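This report deals with the open and enclosed spaces of one protein model and with the surroundings of its ligand. Please read it alongside the sequence and the structure shown here.

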Amino acid sequence: MAKAVLLEREGRVAILTVNRPDKLNALNNEVRDLTLEYLAEVENDDSVGVVVVTGAGDKAFIAGADIKEFEGRSPFDQREAMRFPRVFDVMANFPKPVIAMINGFCLGGGCELSMSCDIRVASDRARIGQPEINLGLIPGGGGTQRLPRLVGVGQAMKLILTGDMIGAEEAQRIGLVDDVVPHDELRTKTLELANKIASKSPVTLRVAKEAIRASERMSIEDGIVYERDLFCLCFSTEDKAEGVDAFLGKRKAEWQGR
Ligand code: COA
């Protein structure tokens, strides 16, 4: 039987594909466990610089948590299913950049997973929303916290309280996705972006991501002090010495990842 998540490598990019197209790639326990397993695998693989997350088929990125699993569950069962580590947080704090390649319905936990990624590239056919309200639920994968940080409280309220889906253009207008591309060009354009990022120094990417993530939890004053410390930390790397030397020597830098 096909695995619920597929892992492939293209150059320095690892592509994780949620592979339940007949269920619109709904997130079930198997998807969560396999995603965590593959993330652990690529975390320590120096040949991987960037991770891309997407959904199998032409219709859906991820249409949310698997609603079938909710049926008959007690609060304790549900808590066990939501045990730590949670895939949303692992992705947000993953030491390598993660890009969501949104190829269709991106709903509920799918929208939340995309918000845990560092950059969102959407097909012009994507439909995005947090429809949990229609099930008597609220978002449970970080949506009530990450969505307002991305789009502001008013737009987050509108999406979560109405449960409405919006198109890719509207999602880009409010800041929920970063790029919208023609459906047929989604993979090419996303991999172009992923490869460009993967060509940079891995150690510097890691520090840059950590500094930007810190902005989500720190005051501006503390964040700027933290940034200064991380900036100075870069002076300890071989890649900083190489980058500066290459610029001054008018040659291309060769990153060591140290
Ligand atoms: N959980 C479990 N199964 C899901 C699912 C989900 N979140 N989303 C879709 N599916 C299943 C459907 O039950 C259907 O399965 P079936 O063929 O065995 O009946 C299959 O995927 C195809 O979905 P279908 O509803 O027939 O496609 P559609 O094009 O008519 O509608 C959606 C697409 C996305 C509008 C609709 O599937 C939907 O509303 N899904 C639920 C979205 C949601 O509420 N997500 C948040 C969950 S907390």
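What follows describes the ligand and its shell, then the largest pocket, and then the largest cavity. The model is a predicted one, and the values below should be read with that in mind.

**The ligand and its shell**

The ligand is surrounded by 16 residues, and the closest of these are K23, K59, A63, A65 and I67. Sorted by class, the shell around the ligand consists of 11 nonpolar and 5 charged residues, with no polar residues among its members. Polar contacts to the ligand include the three set out in the table, which involve D22, K23 and A65.

| Ligand atom | Protein partner | Distance |
|---|---|---|
| Oxygen | D22, polar backbone atom | 3.4 Å |
| Oxygen | K23, N or O atom in the side chain | 2.4 Å |
| Nitrogen | A65, polar backbone atom | 2.9 Å |

Taken on its own, the ligand has 870 Å² of accessible area, and the protein covers 60% of that area. K23 and A65, which appear in the table through a side-chain atom and a backbone atom respectively, are also listed among the closest residues of the shell.

**The largest pocket**

The largest pocket has a volume of about 670 Å³, and its lining is made up of 36 residues, of which R32, A65, F70, Q78 and M82 lie nearest the centre. A65 therefore links two parts of this description, since by the 4 Å cut-off for nearness it belongs to the shell of the ligand, while it is also one of the residues nearest the centre of the pocket. Four helices, namely α1 (29–43), α2 (75–81), α3 (87–92) and α4 (109–116), each supply at least two residues of this lining, and α1 gives the most, with 4 residues. In terms of class, the lining of the largest pocket comprises 19 nonpolar, 8 polar and 9 charged residues.

**The largest cavity**

The structure holds 1 cavity of 30 Å³ or more, and the largest cavity contains about 50 Å³ of space. Its lining is formed by V5, L16, V18, L27, V31, T35, V53, V87, M91 and L113. At least two residues of that lining come from each of β2 (13–18), α1 and α3, and the helices α1 and α3 also each supply at least two residues to the lining of the largest pocket. The class composition of the cavity lining is 9 nonpolar residues and 1 polar residue, with no charged residues, whereas the lining of the largest pocket includes 9 charged residues.

Technical notes
Residues numbered from 1 in each chain as written. Predicted model: local features only at pLDDT ≥ 70, side-chain atom pairs only at ≥ 80, totals over all residues. Heavy atoms only, no water. 1 Å grid on protein atoms, 1.4 Å probe; cavity = no way out; pocket = protein on both sides within 12 Å on 5 of 7 lines; lining within 4 Å. Points joined across faces, edges and corners; volume = space filled by probe spheres on them. Nonpolar A, V, L, I, M, F, W, Y, C, P; charged D, E, K, R; others polar. Polar contact = N/O pair within 3.5 Å; in protein donor to acceptor, adjacent residues only side chain to side chain. Areas by Shrake-Rupley, 256 points an atom, 1.4 Å probe, with all protein chains shown as cover.
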